[in-house]
Amino acid sequence: MRHIDIKDYRGDSSVRQLLVLAADPVGEQGLQDLLDECENLQVLAHFTKEGDVAALAAYRHSDQYSLCLEYLAVLPEFQHRGLGRALLEELRALHGKNLWATTDDDAIDFYRALGCVISNSAGDPRWPGVARYLCTLPYLPLLSSQPKEDPEYEPVDGQLTRGNIRIEEPSPSWPHHFQELCEQISMALGPQALAIEHTGSTSVPGLPAKPIIDIALLVPDANDESSYAPALEQAGLVFWHREPGWYAHRMFKPPAASGRMDANVHVFPAGSPESLRMMLFREHLKLDAADRQAYAQIKRQAAAQLLAEQGEDALVMDYNRIKEPFILELHRKLFDP
């Protein structure tokens, strides 16, 4: 396999057929528009022994941590030979990045078999009424390490959170509170919300937690605040802070007077290592009772320690600092290649 320049293959019958399979363009003009789009993408192709293109993957660099797969297709006579898998694994190894794509029911089993993390996604205007999914293929070395640059913490309309760090027993209401916020965010952002995931301890059945709903909101570009922040603020959420140096993280919260349960809406770009850690950590704790119980004990100990040291004016960041060794050790268990 090798990279090709679509400008050199606009008239190639195999490439044209592959793009029709990948995107179902409307008529010849739709195909020409698709070829124009692919001229601005990188394209990795698999060739037959005769030198014909049998499969291709068109992609772009989403950010320093991820690739966005725009189009993937294999000619019918070469399907079920592992060519699609080989293309994506080559891209992940070549660039050392997570790989993400949106797809529908026709391809979801392929991405699931690859080992992708699957999230429900917003609909795509190009295919109205069709269920869509965000599929992310992790590159484990990115998940087992943390960025070394300054996170560049910048308060916006929020401040560092203080108070009595209390741990509550799991409540059946927590998923309902998440769903309410999920619908609010989805209505505000539409297709811009590539995924809205319930994360953190309130997302794990049977796990005690601070009564705060954590949400990972994945967007195409978290640094492009104009594409989502005004809509979230108009929907009633408060832009709390930004951390551009930590995976382009932004955080929003419902106002205290909203009557809603407290929540942290963490905005990350799709393919973010931190959002993948959140989701894989959640899934592991759902399945592993021993680690779930150990984490519950660490959480209670951290809350008790802060109550003894700082009383009713404890910093949440100190609570997180006490838990961090356990979390990092579990990350090494899950993500070290």
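Is Glu89 buried, partly exposed or exposed? Hi everyone, let's start there. Glu89 is partly exposed, because its relative accessible area is 32%, and that value falls between the 20% limit for buried and the 50% limit for exposed. Please keep in mind that we are looking at a predicted model.

Now, who is the partner of Glu89? The side chain of Glu89 meets the side chain of Arg85 in a salt bridge, with 3.3 Å from N to O. The two residues are 4 apart in helix H3, which runs over residues 83–95, so about one helical turn separates them. Arg85 is partly exposed too, at 33% relative accessibility.

Let's move on to helix H4, residues 105–114. Here Asp109 and Arg112 sit 3 residues apart, again about one turn of the helix. They form a salt bridge, and their closest N and O atoms are 3.4 Å apart. Asp109 is exposed, with a relative accessible area of 54%, while Arg112 counts as partly exposed at 45%.

A third pair is Arg166 and Glu168, whose closest N and O atoms come to 3.0 Å in their salt bridge. Arg166 is partly exposed at 46%, and Glu168 is partly exposed at 27%.

How many salt bridges does the count come to? The answer is 20. Some of the residues involved join up: Glu154, Glu225, Arg242 and Arg250 are linked in a network of salt bridges.

Arg242 also turns up in my next stop, which is His249. You will find His249 in strand E13, residues 249–253. His249 is buried, with a relative accessible area of just 2%. What does it touch? Leaving aside residues up to four places away in sequence, His249 is in contact with His241, Arg242, Glu243, Pro244, His266, Val267 and Phe268.

Next, please find helix H6, residues 174–189. This helix has 16 residues and reaches 23 Å from its first C-alpha to its last, close to the 22 Å expected at 1.5 Å a residue. Which residues of H6 are buried? They are Trp174, Phe178, Leu181, Cys182, Gln184, Ile185 and Leu189. These residues cover an arc of only 165° around the axis, so they lie on the same side of H6. Turn to the other side of the helix and you meet His176 and Met187, which are exposed.

What covers the buried residues of H6? The cover includes strand E10 (195–199), strand E11 (213–219), helix H7 (229–234) and strand E14 (263–269). His266, one of the contacts of His249, has a number that falls within the range of E14. Just after H6 comes Gly190, with a positive phi of about 60°.

Last stop: the surface. Tyr153, Leu160 and Met317 make a nonpolar patch of about 290 Å² there. Leu160 belongs to the loop between strand E8 (154–155) and strand E9 (162–163). With a relative accessible area of 46%, Leu160 is partly exposed.

So, to recap with the structure on the screen: look for the salt bridge of Glu89 and Arg85, then the buried His249, then the buried residues on the same side of H6, and finally the nonpolar patch with Leu160. Thanks for listening!

Methods:
Residues numbered from 1 in each chain as written. Predicted model: local features only at pLDDT ≥ 70, side-chain atom pairs only at ≥ 80, totals over all residues. Heavy atoms only, no water. Expected span 1.5 Å × (residues − 1). Buried < 20%, exposed > 50% of the residue type's maximum accessible area, 1.4 Å probe, protein only. Arc of directions from axis to C-beta. Contact = heavy atoms within 4.5 Å. Patch = residues over 30% accessible without salt bridge, like charges linked within 9 Å, V, L, I, M, F, W, Y side chains within 5 Å. Areas by Shrake-Rupley, 256 points an atom, 1.4 Å probe, with all protein chains shown as cover. Salt bridge = Lys/Arg side-chain N within 4 Å of Asp/Glu carboxyl O.
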